[in-house]
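Let's walk through a structure together, question by question. Have the sequence and the 3D view handy.

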Amino acid sequence: MGLEGDGKERNMKEMIEKCGGKERNMKEMIEKCGGYAIIDGGFATELERHGADLKDPLWSAKCLITSPHLVRRVHLDYLEAGANIIITASYQATIQGFEAKGLSREEGEGLLRRSVKLAVEARDIYYERCTKDQSYSKRPILVAASVGSYGAYLADGSEYRGDYGYAVTVETLKDFHRERVKILADSGADLIAFETIPNLLEAKAYAEVLEEECIEIPAWFSFSCKDESNVVSGDSILDCASIADSSTQIVAVGVNCTAPRFIHGLISSIKKVTSKPVLVYPNSGETYIAESSRWVKSSGVAEDDFVSYIGKWRDAGASIFGGCCRTTPNTIRGITQAIYQKPL
């Protein structure tokens with residue numbers, strides 16, 4: 001028993017040291033970018049702007065099947081706008097969702113890998129342009145494999161409410177996400193982006209899957225919030241961010257798909273419970289109506305107004321910035337200029 005215990009302790013120590021290195025690497029990457037890093041912006045709305053029809057339960061993941069060239073193009077648009085981190089089109093891509101469309105498990109796994117491959121190809125194309133055209137800015141670029149919530153798979157808007165009902169437990173969510181996380185972690189991505197997390201339950205499930213599967217690449221947690229203190233389910237952002245802080249595999253924690261007016265207070269709350277880098281990529285402030293699959297103006301902000309918040313968020317302690325739903329390459333270009341005080 002003693003020897004077995006010693007072995008477990010050594011393995012845990014090795015994991016902590018390895019994951020501690022990941023967090024240092026993330027901070028070093030941010031420093032190499034100039035002290036701040038830029039995430040890309042809204043993906044599905046950009047696909048639609050390029051002509052994609054996303055009226056489908058697979059949403060943006062549909063384009064992995066029908067129009068991968070558009071996925072690559074949107075990635076490139078954001079790279080040209082200044083992004084250091086591009087997020088894959090796998091937010092709504094799940095094996096279960098692909099099987100519901102009549103695809104085999106193997107085909108679904110292949111599409112998950114394709115989401116990363118397209119982002120890597122876009123980065124390669126961008127770097128090739130840098131060698132041929134001095135007007136292009138060569139900089140560190142990471143590919144983040146997106147993992148959307150269980151609610152995103154349900155396609156009923158529940159990722160904006162965080163209410164899955166009493167039948168859904170941590171074990172339910174772990175079983176749902178496990179294979180997708182393993183595939184994406186082994187697909188060539190630089191990190192995993194757990195996005196639009198709507199409740200404490202799913203954060204716990206993600207953290208346990210990462211630990212149980214000994215996922216080697218780093219990850220971030222990003223929560224969707226309804227005000228300055230709570231995620232959309234009503235769970236405290238302090239409790240949710242604490243889950244991220246306690247996970248050795250998580251290298252950054254923050255907020256996405258949240259109205260800009262709440263971000264400053266949320267950064268302050270997150271900083272109370274973690275010293276990990278804080279990332280923010282809010283939406284435009286509009287509200288998504290699941291029943292009609294449309295966005296309606298509530299407290300929406302224009303792109304110029306959105307960008308005007310950046311200095312306040314930076315001063316509050318955030319170091320990674322981007323946009324979510326309904327933001328565009330112009331938004332990201334504006335954020336880049338605001339952060340670095342120079343045009344691209």
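Below are some questions on confidence, helix packing and aromatic pairs, each with its answer.

This is a predicted model, where local features need pLDDT of at least 70, side-chain atom pairs count only at pLDDT 80 or more, and totals for chains, interfaces and linings use all residues. Residues are numbered from 1 along each chain as its sequence is written, and side-chain values use heavy atoms, with hydrogens and water left out.

Q: What is the mean pLDDT of the chain?
A: pLDDT is the predictor's confidence in each residue, from 0 to 100. Here 87% of the residues reach 70 or more, and the chain's mean is 88.

Q: Over which residues does pLDDT stay under 50?
A: Where pLDDT is low, the predicted coordinates should not be read in detail. The model does have 8 contacts (heavy atoms within 4.5 Å) beyond four places in sequence for this stretch, residues 288-293.

Q: Is H4 parallel or oblique to H6?
A: Helices (H or I, at least four residues) and strands (E, at least two) are DSSP runs, numbered from the N terminus. The axes, lines fitted to C-alpha atoms over the stretch in contact, with angles from 0 to 180 degrees between N-to-C directions, come within 9 Å for H4 (residues 68-80) and H6 (residues 105-132) and cross at roughly 45 degrees. Angles under 35 degrees count as roughly parallel, over 145 as roughly antiparallel, 65 to 115 as roughly perpendicular and the rest as oblique. That crossing therefore makes H4 oblique to H6.

Q: Which residues of H8 make the contact with H6?
A: The axes of H6 and H8 (residues 170-185) come within 9 Å and cross at roughly 45 degrees. On the H6 side you'll find Arg105, Glu109, Leu112, Arg113, Ser115 and Val116; on the H8 side, Glu179, Arg180, Ile183 and Leu184.

Q: Is H9 roughly parallel or antiparallel to H10?
A: The axes of H9 (residues 200-212) and H10 (residues 237-246) come within 10 Å, crossing at roughly 0 degrees. Leu200, Ala203, Lys204 and Ala207 in H9 meet Asp239, Cys240 and Ile243 in H10. Given that angle, H9 is therefore roughly parallel to H10.

Q: How many aromatic pairs does the count come to?
A: Rings of Phe, Tyr and Trp (its six-membered ring) pair if their centres lie within 6.5 Å; planes under 30 degrees apart count as stacked, over 60 as edge-to-face and the rest as tilted. By this rule, the count is 14.

Q: What is the centre to centre value for the pair of Trp59 and Tyr91?
A: The pair links distant parts of the chain, 32 residues apart. With 70 degrees between the planes, Trp59 and Tyr91 are edge-to-face, and the centre to centre value is 6.0 Å.
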